[in-house]
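I opened this notebook to record what I looked up in the structure. The entries follow in the order in which I made them.

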2 protein chains.
Amino acid sequence: MLAELLTTQPKKPSKLVGEAFAPSNIALIKYWGKRDLILNLPITNSLSISLGEKGARTRISLNSANQNTVLLNGHLIAHDSAFYKRLSDFLDSIKPDPQQFYNVETTMNLPVAAGLASSACGFAALVKAFADLYNWDIPEPILSILCRMGSGSACRSLWQGFVEWHAGERADGLDSFAAPLPYTMPDLAIGLCILSSAEKPISSREAMRRTVETSTLYESWPKQVMFDLAEIKQALENQDFHNMGCIAERNALAMHATMLATAPAVCYFLPETVAIMHKIWKLRAEGLSVFFTEDAGPNIKILARQTDIQFINQQIESIDWV
Amino acid sequence: MLAELLTTQPKKPSKLVGEAFAPSNIALIKYWGKRDLILNLPITNSLSISLGEKGARTRISLNSANQNTVLLNGHLIAHDSAFYKRLSDFLDSIKPDPQQFYNVETTMNLPVAAGLASSACGFAALVKAFADLYNWDIPEPILSILCRMGSGSACRSLWQGFVEWHAGERADGLDSFAAPLPYTMPDLAIGLCILSSAEKPISSREAMRRTVETSTLYESWPKQVMFDLAEIKQALENQDFHNMGCIAERNALAMHATMLATAPAVCYFLPETVAIMHKIWKLRAEGLSVFFTEDAGPNIKILARQTDIQFINQQIESIDWV
């Protein structure tokens, strides 16, 4: 299917090195559950905000050897690792010539596999670098679909700002891609609280699969998303920071709730996670408009107003503001 | 309604002081959500295990003054407190003569209002002490209904061992009462991890109401209970400790999940709660058959085999084994 989308594109690189940056993105309305595990087709729409300068920069060039070489943050990825295989399979699916292999060099300025959408920005940067190498002329929805094939939420990492991923309905996924939204929220500040940069005990892929298969509570999730999505768009339209934060936070908590109710349970909360959640609730009870969201990992992303950053820094340690 | 149940009973005390003990109980399949807020009628059945010697002892006698006097663990309860009003209203609803008032003296050997079913054993001990004072001759289901009117889960605190509360269907609640179950699990040990004995920021009453009203995920809860209840009875029938623990733990987590998805969120987890949850999961991953349950509060109740107590004490601090 992918091959067909790319048949009209150049078969040879137009330059020695393709290069691109893609921002990480965090979902305010979460992507949680797939209707197709191979094509990464989601059960619901989702909505994200991109993380500006935080993300992945990738350089890609032809490799004269008959295999790919992958460097992540300067470390060579072992050829027998799952990550190498996933990346190579993906490259195989988009490359114009089975005889071509690549050097891929990615640097990320955020922790890998710790729920900070490292695979999202990683695959998006890879697709963009690939497009740059071959000088592809491809519409954005197709690029977004390619990203999605690598890692679902990567399809949202092609743009800065607010982005919506349309779940689509087609079995082949050709209507499942992301697009930027026309909203801005100039006073929004996003603070990363990296509580653990250790690799996750269970990947989001696996956690998602287990939730869909075993969580009794999951059947209510699509309704929650539909409701939250409509409300958050209204809040963004109105530049209503407070409501946006409320909705994003409740959506994240509902996602973690579906995980808690899986068998066996998936709990990404660490003690430190819960400590910050309570701190944020306390600040909010005291009148501050501050919220959090949390992806499939223990780290907290704070949603605050720019003007409150200084005050929040006095209350919560080591926040990395994007 | 209550008055009718009691019309045939003695109108005067048969002794100076009525006295009774009722154990606290912890639900293995949780009571979460009411179909009638006044009568404490639940949406689903629930199943509990009583806590042996941990509970409430209550002495009750006539008070010559025109008001009730309530002592809880030696402290006089203020007449303008919500607790005093709740207790007095309850006494008003069961007493045979509007001119009678009482001295109520309760001692509990567990923290009050910290999710350890203090109101359950408190109201059950009160009803039993009242029955003792007047020498009531009343079938157990009616006693259980009276307890339920005071505090829902109190209806399960009339017995030791495993108890099931039948939700019933009648609007007047006359088919909503608890009864002991014929199962035993001799090697079951219950360990209390009291992480905070501070009063809860939100009562279980209020948390339950908020969940039913606002949690999108709650609509799946009754199905979860039906499923878990059937499975845990089978496990109890088979004296299958491991399955019993699995089911109790997943049921508790599903309940907390419904709370996380309320608006605003109810999160009884403290950092210490999550730390112990992870410790228990780690022990289980290492092969130990140990589980937990958690009610509407931050404290953890460990479910283990008697033979593993010593080992678990080396891994987790300050467990109070019942």
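**Entries on fold and symmetry**

I began with contacts in chain A: residues 24 or more positions apart account for 73% of those with a separation of 6 or more, where a contact means that C-beta atoms, placed from the backbone, lie within 7 Å. I note that the model is predicted, that local features need pLDDT of at least 70 and side-chain atom pairs pLDDT 80 or more, while totals for chains, interfaces and linings use all residues. Residues are numbered from 1 along each chain as its sequence is written, and chains are lettered from A and ligands numbered from 1 in the order in which they are written.

I then looked up burial: 48% of the 322 residues of chain A are buried, that is, have 20 or more other C-beta atoms within 10 Å of their own C-beta, placed from the backbone.

For secondary structure I found nine helices and 13 strands in chain A, taken as DSSP runs (helices H or I, at least four residues; strands E, at least two) numbered from the N terminus.

In chain B I followed strand β10 (residues 188-193), which pairs antiparallel with strand β12 (residues 300-305) over six bridges; pairing requires at least two DSSP bridges. Here B:A189 lies opposite B:A304. I also found β10(B) joined by two bridges to antiparallel β13 (residues 320-321) of chain B, with B:L192 partnered by B:D320.

Lastly, I superposed the copies by least squares on C-alpha atoms of residues with pLDDT of at least 70 in both. Chain B fits chain A with an RMSD of 0.0 Å after a turn of 180° and a shift of 0.0 Å along the axis. The two copies are therefore related as by a two-fold rotation axis.

How values were computed:
A residue is buried if 20 or more other C-beta atoms lie within 10 Å of its own, exposed if 12 or fewer, and partly exposed in between; C-beta atoms are placed from the backbone. Two residues are in contact if their C-beta atoms, placed from the backbone, lie within 7 Å.
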